[in-house]
Amino acid sequence: MSGLLRVLLVIGAILMLIFMLKKIRMAKLKIEYSVFWISFASILVIMGVFPKIFYEISDFIGFQSPISMIFLVIIFVLMVKNFFMSIQISQLENKIDNLVQRIAIDRKIDRDNM
């Protein structure tokens, strides 16, 4: 990995960390969601500072190049994150449906009692 690319990777990851911390402070992002992104950015910093670790891991696992392993791992992690977000969205949609039905029933009961 070239020196300029490593510097850009570290700077980009640090900027991402700063952005996440600002969003947490402004209460725009819950801490439980930001843990994923902060750990993701931290791994990018580690990749930029210590690239030899990923070369050794990819050689141990049997990948021809470290970038193939990194892409595979990143795609897998993002797919898992997307799956869990889909589950959460479905649960929230069910809660909204239940709340709308409850409000409609309460309004009907209130109109009937008048």
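The exercises below, each with a worked solution, concern a predicted model.

**Exercise 1. Helix lengths**

Check whether the end-to-end reach of helix 1 and of helix 2 agrees with the span expected at 1.5 Å a residue.

Solution.
- Step 1. Take helix 1 (3–25), which has 23 residues. The expected span is 1.5 Å times one less than the number of residues, and for helix 1 this comes to 33 Å.
- Step 2. Compare this with the model: from its first C-alpha to its last, helix 1 reaches 33 Å, close to the expected value.
- Step 3. Repeat for helix 2 (31–49). Its 19 residues should span 27 Å, and the end C-alpha atoms are 26 Å apart, which agrees.
- Step 4. Look just past the end of helix 1: Ala27 takes a positive phi of about 60° there.

**Exercise 2. The buried side of helix 3**

Find which residues of helix 3 are buried, and decide how they are placed around the axis.

Solution.
- Step 1. A residue is buried when its relative accessible area is under 20%. In helix 3 (51–61), the buried residues are Pro51, Phe54 and Ser58.
- Step 2. These buried residues cover an arc of only 60° around the axis, so they lie on the same side of helix 3.
- Step 3. Recall the geometry: an α-helix has 3.6 residues a turn, so residues three or four places apart point the same way.
- Step 4. Ask what lies against the buried residues of helix 3: they pack against helix 1, helix 2 and helix 4.
- Step 5. Turn to the face away from the buried side, where the exposed residues Lys52, Glu56, Asp59 and Phe60 are found.
- Step 6. Add a residue between the two classes: Tyr55, also in helix 3, counts as partly exposed because its relative accessibility is 34%. The C-alpha atoms of Tyr55 and Ser65 are 7.6 Å apart, with these positions 10 residues apart along the chain as the separation.
- Step 7. Helix 3 is followed by Gly62, which has a positive phi near 115°.

**Exercise 3. Packing of helices 1 and 2**

List the buried residues of helix 1 and helix 2, and state what packs against them.

Solution.
- Step 1. Val10, Ala13 and Met20 are buried in helix 1, and the cover over the buried residues of helix 1 includes helix 2.
- Step 2. In helix 2, the buried residues are Ser34, Phe36, Phe40, Ala41, Leu44, Val45, Met47 and Gly48.
- Step 3. The buried residues of helix 2 pack against helix 1, helix 3 and helix 4 (66–113).
- Step 4. For contacts of a single residue, take Met16 in helix 1. Leaving out residues up to four places away in sequence, Met16 touches Trp37, Phe40 and Ala41. Two of these names, Phe40 and Ala41, also appear among the buried residues of helix 2.
- Step 5. As a contrast in distance, the C-alpha atoms of Met16 and Ile70 are separated by 19 Å.

**Exercise 4. A nonpolar patch**

Identify the residues of the nonpolar surface patch and the helices that supply them.

Solution.
- Step 1. The patch is formed by Ile46, Val49, Phe50, Ile53, Ile57, Phe60 and Ile61, and together they have about 690 Å² of accessible area.
- Step 2. Helix 2 and helix 3 are the elements that give two or more residues to the patch. The largest share, 4 residues, comes from helix 3.
- Step 3. Check one member: Ile46 is in helix 2, and at 38% relative accessibility Ile46 counts as partly exposed.
- Step 4. Compare a phenylalanine elsewhere: Phe76, in helix 4, is exposed, with a relative accessible area of 54%. The C-alpha atoms of Phe76 and Phe60 are 19 Å apart.

**Exercise 5. A salt bridge**

Find how many salt bridges the model has, and describe the residues involved.

Solution.
- Step 1. The count comes to 1 salt bridge.
- Step 2. Lys108 pairs with Asp112, and their closest N and O atoms are 3.5 Å apart. The cut-off is 4 Å, so the pair qualifies.
- Step 3. Side chains of opposite charge can pair when their charged atoms come close.
- Step 4. Lys108 and Asp112 are 4 residues apart in helix 4, which means that about one helical turn separates them.
- Step 5. Lys108 is partly exposed at 45% relative accessible area, whereas Asp112 is exposed at 53%.

Technical notes:
Residues are numbered from 1 along each chain as its sequence is written. This is a predicted model: local features need pLDDT of at least 70, side-chain atom pairs count only at pLDDT 80 or more; totals for chains, interfaces and linings use all residues. Side-chain values use heavy atoms; hydrogens and water are left out. Patches are made of residues with over 30% relative accessible area and no salt bridge: like charges are joined within 9 Å, nonpolar side chains (Val, Leu, Ile, Met, Phe, Trp, Tyr) within 5 Å. Accessible areas come from the Shrake-Rupley method with a 1.4 Å probe; for residues, only the protein chains shown count as cover. A salt bridge is a side-chain nitrogen of Lys or Arg within 4 Å of a carboxyl oxygen of Asp or Glu. Buried means under 20% relative accessible area, exposed over 50%, partly exposed in between (1.4 Å probe, protein chains only). Contact means heavy atoms within 4.5 Å. The arc is that of the directions from the helix axis to the C-beta atoms.
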